[in-house]
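Biologist: Please take one part of this chain and look at it closely. Then show me how the rest of the fold is arranged around the parts that follow from there.

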Amino acid sequence: GPARGFPAGGRRSRSRIEPLRVKVTVGGVVTAAALTTLSSVATAGAAPSSAPPAAVHQLARGGVVAIVWPTAASLGDGVVQRRWSLTPTGTQTTALIGADGTSLVGAAPDFRISIDGVATSSTSDWHFDGVDAVRPTALPGRPTSGDGVALRFRYSLLSEVLAPVRIDLIRTVTLHPGTSVFETTSTLVSGGPVARVSSYSL
């Protein structure tokens with residue numbers, strides 16, 4: 001659920017289903033922040049029963065496959081699969097599929113975030129700028145962090161309430177081979193004065 005803001009030095013909160021790790025650069029006042037969510041689902045995966053006909057981009061590495069269509073995207077590894085709907089006005093997760101073909105979640109926004117007191121989500125206020133299938137970034141001390149495939153979602157926020165300043169959000173969802181964990185890193189960048197992130201749910 002929504003958190004109570006960013007304490008200095010970051011914070012950790014864990015639950016059985018969706019542990020959350022948060023790292024910020026400067027307390028609650030952020031020009032760029034990294035928010036990492038690990039969503040673990042212990043189920044086997046299944047291929048989609050239907051999909052848009054013409055893929056824009058597809059990338060497969062180590063058994064992980066990411067596919068981007070004009071209005072949808074998917075990421076799976078034979079253990080679990082996640083699907084998204086894509087429109088210029090936003091994105092949402094539409095399914096998290098297990099071996100029996102049943103979704104463990106209903107359609108919902110990918111994130112909710114309050115910036116300078118203004119509540120936003122992936123289906124409102126943000127413009128969806130596109131998504132790419134990419135290789136994960138290799139991290140120091142994590143030899144397998146560069147394995148698998150990631151989907152990189154790009155958003156931009158233009159709001160008169162937040163002043164005439166462009167704010168960009170980049171969310172990278174990574175799946176490593178043979179796992180049921182979606183690792184999500186979100187980077188928020190303000191093109192002008194610092195933006196205060198007062199609450200978030202990613």
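Modeller: In this predicted model, strands β15 and β16 make a hairpin, with five residues between them. The turn includes Gly178, which has a positive phi of about 70°. β15 covers residues 167-175 and β16 covers residues 181-190. Their pairing is antiparallel and runs over nine bridges. One point of register is Asp168, which stands opposite Val189 in β16. In general, strands of a sheet pair through backbone hydrogen bonds, in either the parallel or the antiparallel sense.

A side-chain contact leads out of the hairpin. Phe182 falls within β16, residues 181-190. Arg82 lies over the face of Phe182, at 5.8 Å from the ring centre. Arg82 itself falls within β8, residues 81-87.

β8 belongs to an open sheet of six strands, ordered β5-β6-β7-β8-β9-β10. The pairing in this sheet is antiparallel. Its edge strands are β5 (57-61) and β10, and each of them pairs on one side only. At the β10 end, two bridges join that strand to β9 (residues 90-97). There, Thr93 has Ala108 of β10 as its bridge partner. In a regular strand, side chains alternate between the two faces of the sheet.

Next, the aromatic residues. The structure holds five aromatic pairs. One of them joins Trp84 to Phe153, at 5.1 Å centre to centre with 50° between the planes. That angle lies between the 30 and 60 degree limits, so the pair counts as tilted. Trp84 sits in β8 and Phe153 in strand β14, 69 residues apart, so this pair links distant parts of the chain. Trp84 has 1% relative accessibility, so it counts as buried under the 20% limit. Phe153 also counts as buried, because its relative accessibility is 1%.

A second pair involves Phe111 and Tyr155, at 5.3 Å centre to centre. Their planes are 80° apart, over the 60 degree limit, so this pair is edge-to-face. Phe111 lies in the loop between β10 (108-109) and β11 (112-115), and Tyr155 lies in β14, so the pair ties together parts 44 residues apart in sequence. Phe111 is buried, with a relative accessible area of 1%. Tyr155 is buried with a value of 1%. These four rings join Trp126 and Phe128 in one aromatic cluster.

The cluster leads on to the nonpolar core. The largest core has 31 residues. Leu75, Trp126, Leu151 and Phe153 touch the most other members. Strand β14 (residues 149-157) supplies the largest share of this core, five residues. As a general background, nonpolar side chains in soluble globular proteins tend to be buried together.

Which residues does Ala133 touch, beyond those up to four places away in sequence? They are His57, Leu59, Ala66, Val68, Ala150 and Leu151. Ala133 is placed in strand β13 (residues 126-134). Its relative accessible area is 7%, so it is buried. Val149 is 16 residues from Ala133 in sequence, with 7.0 Å between their C-alpha atoms.

Just upstream along the sequence, the loop between β12 and β13 holds Asp125. Asp125 has a positive phi of about 75°, although it is not a glycine. At 46% relative accessibility it falls between the 20% and 50% limits, so it counts as partly exposed.

Strand β12 (residues 118-121) holds Val118. Val118 has a relative accessible area of 19%, under the 20% limit, so it counts as buried. Val118 and Ser199 are 81 residues apart in sequence, yet their C-alpha atoms are 9.7 Å apart.

Now the whole chain. It has zero helices and 17 strands. Of its 202 residues, 45% are buried. Among contacts with a separation of 6 or more, 51% come from residues 24 or more positions apart. The chain exposes about 9900 Å², and carbon and sulfur atoms supply 56% of that area.

Conventions
Residues are numbered from 1 along each chain as its sequence is written. Side-chain values use heavy atoms; hydrogens and water are left out. A nonpolar core is a set of buried Ala, Val, Leu, Ile, Met, Phe, Trp, Tyr and Cys residues joined through side-chain atoms within 4.5 Å. Buried means under 20% relative accessible area, exposed over 50%, partly exposed in between (1.4 Å probe, protein chains only). Helices (H or I, at least four residues) and strands (E, at least two) are DSSP runs, numbered from the N terminus. Two strands pair if DSSP finds at least two bridges between them. Contact means heavy atoms within 4.5 Å. Accessible areas come from the Shrake-Rupley method with a 1.4 Å probe; for residues, only the protein chains shown count as cover. Rings of Phe, Tyr and Trp (its six-membered ring) pair if their centres lie within 6.5 Å; planes under 30 degrees apart count as stacked, over 60 as edge-to-face and the rest as tilted. A charge sits over a ring if NZ of Lys or CZ of Arg is within 6 Å of the ring centre and within 35 degrees of the ring normal.
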